[in-house]
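Work through these exercises with the structure open beside you. Try each task before you read its solution.

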Amino acid sequence: MTTPVTVPGLRLTVLVGESDSWHHRPVYTEIVHRAHAAGLAGASVFRGIEGFGASSMIHTQRLLSLSEDLPVAVVIVDAEEAVRAFLPRITELTGDSPVTLDACEIVRNPGIRGDQE
C-alpha cells in the first residue's frame with residue numbers, strides 16, 4: 001500500500017448567481033471553460049439550495065419560492081502559482097461577485113491513476 005503525499009495548493013472559489021451570464025453563456029460555464037483552456041487541474045460547479053448576496057434577497061429552491069437564480073460556487077484547486085496566474089483571466093467575469101483564495105493541501109496517491117513519485 002502506498003502512503004498518500006500532500007503538496008501545498010490554493011483553492012479558488014467564485015460565488016455567482018445561476019442566472020449570471022457572459023455573452024449569452026452562464027458565467028460559471030465560462031469560468032470552467034477558461035480554467036480548462038488554462039490547463040488547470042480541474043474545476044467543479046456546485047449549485048446552492050439557498051443563499052443571498054449583496055442584494056440581500058434570499059434565493060431558495062423551496063417549492064413555494066421557485067427561484068431561478070440560485071447561488072453557484074465554482075471551485076478550482078491547483079498549485080498556487082497556477083491559480084494566481086489564472087485570476088486575471090476571470091476578472092471581467094466576476095464583477096462584484098465574491099472571489100476567495102484559501103491555502104490547502106492536495107492529497108496525491110502515488111501509483112494511482114498515473115500519479116508517480
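Two strands count as paired if DSSP finds at least two bridges between them. Keep this cut-off in mind for the sheet below. The model is predicted.

**Exercise 1. Take stock of the chain.**
Task: State how many helices and strands the protein chain has, and in which pattern they follow one another.

Solution.
Step 1. Count the elements. The protein chain holds three helices and eight strands.
Step 2. Read along the sequence. The pattern is β-β-β-α-β-β-β-β-α-α-β.
Step 3. Look at the burial. Of the 117 residues in the protein chain, 29% are buried.
Step 4. Look at the surface. The protein chain exposes about 7900 Å², and 54% of that comes from carbon and sulfur atoms.
Step 5. Look at the contacts. Among contacts with a separation of 6 or more, 74% link residues 24 or more positions apart.

**Exercise 2. Build the sheet.**
Task: Find the order of the strands in the open sheet of four strands, and say which strands stand at its edges.

Solution.
Step 1. Start from β1, residues 5-17. Ten bridges pair β1 with β8 (residues 99-108) in the antiparallel sense. One of the pairs to check is P8, whose bridge partner in β8 is E105.
Step 2. Turn to β7, residues 71-78. Eight bridges join β7 to β1, and the two run antiparallel. Here L15 stands opposite A73 of β7.
Step 3. Write the order. The open sheet reads β4-β7-β1-β8, with antiparallel pairing.
Step 4. Find the edges. β4 (43-47) and β8 each have a single partner strand, so one side of each is left without a neighbour in the sheet.
Step 5. Add the twist. From one strand to the next, the twist averages 25 degrees.

**Exercise 3. Place helix α1.**
Task: Say which strands α1 touches, and which of its residues are buried.

Solution.
Step 1. Find the contacts. α1 packs on the sheet and touches β1, β4 and β7.
Step 2. Compare directions. The direction of α1 makes about 10 degrees with that of β7.
Step 3. List the buried residues of α1. They are V27, E30, I31, R34 and A35.
Step 4. Check where they point. These residues cover an arc of only 135 degrees around the axis, so they sit on the same side of α1.
Step 5. Turn to the other face. Away from the buried side, α1 carries the exposed residues H36 and A37.
Step 6. Look past the helix. G39 follows α1, and its phi is positive, near 80 degrees.

**Exercise 4. Trace the nonpolar core.**
Task: Name the residues with the most contacts inside the largest nonpolar core, and the elements that give two or more residues to this core.

Solution.
Step 1. Recall a general tendency. In soluble globular proteins, nonpolar side chains tend to be buried together.
Step 2. Size the core. The largest nonpolar core has 15 residues.
Step 3. Name the best connected. L12, V14, I31, I76, F86 and I90 have the most contacts inside this core.
Step 4. Assign the elements. β1, α1 (27-37), β7 and α2 (80-86) each give two or more residues to this core. The largest share, four residues, comes from β1.
Step 5. Follow one member. Leaving out residues up to four places away in sequence, I76 touches L10, R11, L12, I31, A35, L40, G42, A43 and F86.

**Exercise 5. Compare three positions.**
Task: Are V74, T94 and D69 buried, exposed or partly exposed?

Solution.
Step 1. Set the cut-offs. Buried means under 20% relative accessible area, exposed over 50%, and partly exposed in between.
Step 2. Take V74, in strand β7. Its relative accessibility is 1%, so V74 counts as buried. Beyond four places in sequence, the contacts of V74 are L12, T13, V14, Y28, I31, V32, S44 and V45. The C-alpha atoms of V74 and V99 are 9.5 Å apart, with these positions 25 residues apart along the chain.
Step 3. Take T94, in helix α3 (residues 91-94). At 9% relative accessibility, T94 is buried. Not counting residues up to four places away in sequence, T94 touches V14 and V99.
Step 4. Take D69, in the loop between β6 (59-60) and β7. With a relative accessible area of 22%, D69 is partly exposed. The C-alpha atoms of D69 and S19 are separated by 5.2 Å, although the two residues lie 50 residues apart along the chain.

Note on methods. Residues numbered from 1 in each chain as written. Predicted model: local features only at pLDDT ≥ 70, side-chain atom pairs only at ≥ 80, totals over all residues. Heavy atoms only, no water. Core = buried A, V, L, I, M, F, W, Y, C linked by side-chain atoms within 4.5 Å. Buried < 20%, exposed > 50% of the residue type's maximum accessible area, 1.4 Å probe, protein only. Contact = heavy atoms within 4.5 Å. Axes fitted to C-alpha atoms, helices over the stretch in contact; angles between N-to-C directions. Arc of directions from axis to C-beta. Areas by Shrake-Rupley, 256 points an atom, 1.4 Å probe, with all protein chains shown as cover.
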